[in-house]
Each structure stands twice: as structure tokens, then as C-alpha cells.
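Trainee: Hi, could you walk me through this structure? I'm new to it.
Mentor: Happy to; let's bring it up on screen.

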Amino acid sequence: MLHINKLTKKYGSFTAVSHLSLHIPEGDLFGFVGPNGAGKTTTIRMVCGLLRATSGTVKIGNVKGAVGSREMKRMIGYVPDFFGVYDNLKVREYMDMYGSMYGMYARDIARLTEDLLELVNLSDKKEVYVDTLSRGMKQRLCVARALLHNPKLLLLDEPSSGLDPRARVEMKELLKNLHSMGKTILISSHILSELSEMCTSIGIMNHGQLITSGRIEEIMAQLSGGNRIHIQIASGMETAVRILQEHAGIVLESVRENEVIVTNSSTDEEISALIGALIQNEVILTGFYREEGNLESLFMQLTGGDEK
């Protein structure tokens, strides 16, 4: 769906985004993460045509051309991190205004407004002034507006920024619902736990460069913690250590009084067989568990602990 090839943005001698290449398949929910100043917002704005790229190309679906062309913009729904000020507009009027910008007929705007406000749970706010809405409601309204022209790609820049916990949950459920409907979504966020719960793939940026990207289960497999196993031993420690050292694919990381920690490249079936071998050799186990990897750990590993 979205093909970015060697996209670069320079400000004089400073390079904000450097030769970024990325492919997001149709129907994907892609999480874009990185420290402040990594280049996420700059990338999103270039894809939207709000910033002129220094070099590189963007293709959306079958449309390839100048970044920010009219045809390409019609394929994008953009939700910025800042809503803007609409003091004198009601919710219905806000949707009317944006529909008219896309040359839509009034009857189509009215019909879609009803459907989209129901989707984002704002049906009862149609005649309410926009500036009286809570921040969470404004963000959901912005999503409804971005969907009005039925874009192929939805781009959201920090949509949960500044929201209270309830509003963040509502936004997450909305995005998961849109994904289940087949929408292709790119979302940037610093709330890494939420991304890991709902995204199908992620990309991590740092200093203007894409460090890694791919399916979330493949990216999470890069975590050393995801391959670390703790084995608690009541007796037979010497035997256990010998068996573990002789087992292919196992690296003995540490030996404590009643516990050994190993890292492994073995399959789950091989690990089960290894535990069975320990028991058969009269090693008494009191428990074992695999450390759970998480997106925050991977983020810190790949960005060197830069501030989020």
C-alpha cells in the first residue's frame, strides 16, 4: 500500500530524515516509534505533502508521483498531533467544511457524517460546538474527518498524546476497529505498550534513520530477553549445569544457588525435551519460566536508551 523509497529531508547541513525506505502492506496497522527528534513527524508530513522532500519517492497503492500531488493527497487521511482551533463551528459544520474541500456532494457528506460520528461514538455531539469538546472527543472527531473521503491510507501522528487513560483506551479501540474493517493505518506514538497490543508491524527510527521494521512478532524476536529462560533447581545443580553445557543451542548465562539462567536458540519442543532430560537425570526442578520481551525493552536496546 505505502512504498517509501530513499526519502530524505535536509535543512541546510542538518539531515532530519536520511534515505528512509519502508513498505507497509495493505490492511496493515503499522506502529512508528522513536525518540523525540527521530524524524517520525517529518516523515509523516512529507508523505502527506505538507513538507517538500529533499529527495526520494512515495507510492500509495498504484499512485506514484510527486510527493504531495493532488491525486496522492486524496488517498490519505491525516490526523495531526494538534487538532487546531474551530471556535465557531459545530461538529456537523466541521464535517461539512472538510467534505466540501474534497468536492463532495452535500447529501453524501450528511450521510457519511452520520455514519462516521456513530463509528467514533460522537453521534450525540453533532450540534455541539467543536471547541467545547474534550481533547479525546476532538481526536476522535479528527479521525472521523480524516475518513470522510474514504482514504486508502490513514496517517495518525501521536493521536493519544495528552489524552487521559479512558480517552486513550477509546482511541485504541477505535483504531483496532478500523483495522478490522480493512483500513491501512500508520500511527506514531510514544505509548509503546499500546502499540505492541494493537499493531501488526512496527518500525523504529533514531536520528533520522529507520533502524528496523517488520512484523511485530519478528521484531520482538530480536529481544535477548525473549530467549532467556530461568530454571529453578532444588537439587542436582552440578548435573543440570553439565547437561545444559552439552546441549546445542543453549548458552549458560549465569549459575546461582538455586537457579540457572540460559539463553537459547532452540525451539519450544527442544526446550521441553531438555527439561525432560533434566528430570530424567534426577535433577529436581521447582519451576522454570521464559522472560517476556516487550516493545519498551527493544526500543531502549535499539536507540541506546535515548529519551522517548
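**A helix inside and two sheets**

Mentor: Let's start with helix H1: 7 of its 9 residues are buried, so H1 is largely enclosed by the rest of the structure. Buried means under 20% relative accessible area, exposed means over 50%, and partly exposed is in between, using a 1.4 Å probe and protein chains only. Helices (H or I, at least four residues) and strands (E, at least two) are DSSP runs, numbered from the N terminus.

Trainee: What kind of model is it, and how do the numbers work?

Mentor: This is a predicted model, where local features need pLDDT of at least 70 and side-chain atom pairs count only at pLDDT 80 or more, while totals for chains, interfaces and linings use all residues. Residues are numbered from 1 along each chain as its sequence is written, and side-chain values use heavy atoms, with hydrogens and water left out.

Trainee: Thanks! Back to H1: which residues of H1 are buried?

Mentor: They are Lys 40, Thr 42, Thr 43, Ile 44, Met 46, Val 47 and Cys 48.

Trainee: Which strands does H1 lie across?

Mentor: H1 (residues 40–48) lies across strand S3 (29–33), S6, S7, strand S8 (184–188) and strand S9 (201–206), and runs at about 145° to S7. Axes here are lines fitted to C-alpha atoms, for helices over the stretch in contact, and angles run from 0 to 180 degrees between N-to-C directions.

Trainee: What comes just before and just after H1?

Mentor: The loop between S3 and H1 holds Gly 37. After H1 comes Gly 49, with a positive phi near 90°.

Trainee: Is Gly 37 buried or exposed?

Mentor: Gly 37 is exposed, with a relative accessible area of 68%. Its C-alpha atom is separated by 9.5 Å from that of Met 205, and the two residues are 168 apart along the chain.

Trainee: Now the sheet with S6 and S7. In what order do the strands go?

Mentor: The order is S6-S7-S8-S3-S9-S10, giving an open sheet of 6 strands with mixed pairing. Two strands pair if DSSP finds at least two bridges between them. At the edges are strand S6 (76–79) and strand S10 (209–215), each pairing on one side only. On average, neighbouring strands of this sheet are turned by 15° against each other, direction ignored.

Trainee: How do S6 and S7 pair?

Mentor: In the parallel sense, over 4 bridges, with S7 covering residues 153–157. Val 79 stands opposite Leu 156 in S7. Helix H5 (residues 135–147) lies across S6 and S7, at about 165° to S6.

Trainee: And what about S9 and S10?

Mentor: S9 and S10 run antiparallel and are joined by 6 bridges. Ser 201 stands opposite Arg 215 in S10. S9 and S10 form a hairpin with 2 residues between them, and His 207 in the turn has a positive phi of about 50°.

Trainee: Changing topic: what does the other sheet look like?

Mentor: That one is an open sheet of 4 strands in the order S12-S13-S11-S14, with antiparallel pairing. Strand S12 (250–255) and strand S14 (284–290) stand at the edges with a single partner strand each, so one side of each has no neighbour in the sheet. Neighbouring strands of this sheet are turned by 25° against each other on average, direction ignored.

Trainee: How many bridges link S11 and S14?

Mentor: Strand S11 (residues 228–235) and S14 pair over 6 bridges in the antiparallel sense. The bridge partner of Gln 232 in S14 is Gly 287.

Trainee: Which strands does helix H10 lie across?

Mentor: Helix H10 (residues 268–280) lies across S11, S12, S13 and S14, running at about 165° to S14.

Trainee: At what angle do H3 and H4 pack?

Mentor: Helix H3 (residues 91–101) and helix H4 (residues 106–119) pack at about 125°, with their axes 10 Å apart. H3 and H4 are therefore oblique to each other: under 35 degrees counts as roughly parallel, over 145 as roughly antiparallel, 65 to 115 as roughly perpendicular and the rest as oblique.

Trainee: Last one: what's the overall tally?

Mentor: The chain has 11 helices and 14 strands. Of its 308 residues, 45% count as buried.

Notes: Contact = heavy atoms within 4.5 Å.
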